[in-house]
Amino acid sequence: MARTSFTYSLYPPLPGDFIHHSKMSDNPSFVLRGVEDVVYEQRPIPDIKGSEVLVSVKKTGICGSDVHYLVEGRIGDFIVENPMVLGHESAGIVAKVGPDVKHLKVGDRVAMEPGATCRTCDSCKAGRYELCPDIVFAATPPYDGTLGRYYRLPADLAYPLPENLSLEDGAMMEPLAVGVHSVSNLGGLRASQSIAVFGCGPVGLLCMAVARAIGASRIIAVDIVPARLEFAKNYAATETYLPLKPEEGESKIDYSRRNAANMKKELGIDDRGKSSIDLVIDASGAEVSIQTGFYITKSGGTFVQVGMGNPNVTVNLGLLMTKELNYKGSFRYGPGDYPLAISLVSSGKIDLKPLVTHRFKFDEAIVAFRATRAGKSEDGRGLSKLLSRDPTQKINRFLVQLRILQVVHSVNDQWKRSH
């Protein structure tokens, strides 16, 4: 089937100037062709096999990785070399089921886990399918994402939503599953334990929400922006910490040592006992956050790295060894993370609604991406975006992570009304 595309810039023209749909197909998609080069393009409706479902996508959140691919054309070794449909935080309604699918039917509302694995490699068989070398993950080169009308998915990765959850909640399950994987699965946090989270962005906030749902006795939020700390305190944190400012000529590791000492003094944190920190989550990717985290984690405690920044950082191996820290990397999510995320929200232990401030129609995708990149909508209201961390940034920028409030748009219904 031939492709027809309409090219728009992230910058002017204004929204009303780039809406033209008369030639769109049954599967309009938002496609990244290169750095700051996006198009609305018609794509074939995917065919499904025996154990797959075709989902009519209804809600999609804009993730920082989408913006990063848009602005940089790559994230680490994942490079956009061919046109790619963006989006991976989605929920929708089952439009078609394969003949081998028994637990889903047409019309079911589902949260979509966007990573299909091989199921036969050592990682998959060991129950760590997030490490599958052949994973087909939405909007990760070279695979297309979910910002289209339809998306094909293995049936077991389409999770039915309870009646009390909306499709908007369903789209939020993807970033929440990241928090579940980090805090519950890898971090092993238990009730009455303590946690510190660096970075009050979306993942950081959701890590705090998971910790609160589990029953953590102490949840410390760390960020350099007071407004984000205030939001975190109102949302899930029990305490907040605003890092010190660096001194002129101070090295990163010296700053981190001084900052950690001040944090421990200010908040009464010890290396052992009831006042120690059982689990540290870095959701910022900032070097000084990682360094500070090593100093405040209790002896024998756990540190989970969730944020992705400069891959080459300096850490104090002496602390890692003498405190016998359990330093773990966290990559997406794995078995059980989506079901637990859905359960926590359905039971009322986590409220996702405060994290959604803006909604855009599918034909306003460019406006949504522009707003996410700017950190505010065109009416000036604060919104969200992930900062791409440049290794050349000054130290007082390293802990910056804007509070990302999910930008959700409706795909299918809007397009049907426009035809």
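A nonpolar core is a set of buried Ala, Val, Leu, Ile, Met, Phe, Trp, Tyr and Cys residues joined through side-chain atoms within 4.5 Å. With that in mind, let us walk through this predicted model.

**The nonpolar cores**

The largest nonpolar core has 72 residues. Those with the most contacts inside this core are M173, L176, I195, M208, Y235 and I350. Helix α3 supplies ten residues, the largest share of this core. A second core, separate from it, has 24 residues, including V38, V85, L147 and F369.

I195 is a good place to look around. Leaving out residues up to four places away in sequence, I195 touches V183, L189, A211, A216, R218, I219, I220, I277, L279 and I281.

V55 is worth a visit as well. This valine lies in strand β4, residues 52-61, and counts as buried at 0% relative accessibility. Again not counting residues up to four places away in sequence, V55 touches G92, I93, V94, A95, V110, M112, R149, Y150 and Y151. V55 and G107 are 52 residues apart in sequence, and their C-alpha atoms are 9.4 Å apart in space.

**Aromatic rings**

The structure holds ten aromatic pairs. One of them joins F294 and Y327 in an edge-to-face arrangement, with 5.1 Å from centre to centre and 75 degrees between the planes. F294 lies in helix α7 (residues 287-296) and Y327 in strand β19 (residues 326-329), so the pair ties together parts that are 33 residues apart in sequence. F294 is buried, with a relative accessible area of 1%, whereas Y327 is partly exposed at 37% relative accessibility.

Ring pairs also link F30, Y40, F362 and F369 into a cluster. F369 appeared above, as one of the residues of the second core. Elsewhere, the ring of F137 has the charged end of R332 sitting over it, 3.7 Å from the ring centre.

**Backbone points to check**

Which two residues does a cis peptide bond join? The bond is between P141 and P142, with omega at about 10 degrees. P142 is found in the loop between β11 (136-137) and β12 (150-154).

A139 is also found in the loop between β11 and β12. Although A139 is not a glycine, its phi is positive, at about 60 degrees. S192, in the loop between α3 (167-186) and β14 (194-198), likewise has a positive phi in a residue other than glycine, near 75 degrees. Is A139 buried or exposed? A139 is buried, with a relative accessible area of 2%, while S192 counts as exposed at 58%.

**Cysteines**

The model holds zero disulfides. C118 is in no disulfide, and the nearest cysteine sulfur, that of C132, is 3.6 Å away. Why do these two sulfurs not count as a disulfide? The pair would have to be within 2.5 Å, and the sulfur of C132 is 3.6 Å from that of C118, so the cut-off is not met. C118 is partly exposed, with a relative accessible area of 26%, whereas C207 is buried at 0%.

**Accessibility at a glance**

The table gathers values for residues discussed above.

| Residue | Relative accessible area | Class |
|---|---|---|
| V55 | 0% | buried |
| C207 | 0% | buried |
| F294 | 1% | buried |
| A139 | 2% | buried |
| C118 | 26% | partly exposed |
| Y327 | 37% | partly exposed |
| S192 | 58% | exposed |

Methods:
Residues are numbered from 1 along each chain as its sequence is written. This is a predicted model: local features need pLDDT of at least 70, side-chain atom pairs count only at pLDDT 80 or more; totals for chains, interfaces and linings use all residues. Side-chain values use heavy atoms; hydrogens and water are left out. Helices (H or I, at least four residues) and strands (E, at least two) are DSSP runs, numbered from the N terminus. Buried means under 20% relative accessible area, exposed over 50%, partly exposed in between (1.4 Å probe, protein chains only). Contact means heavy atoms within 4.5 Å. Rings of Phe, Tyr and Trp (its six-membered ring) pair if their centres lie within 6.5 Å; planes under 30 degrees apart count as stacked, over 60 as edge-to-face and the rest as tilted. A charge sits over a ring if NZ of Lys or CZ of Arg is within 6 Å of the ring centre and within 35 degrees of the ring normal.
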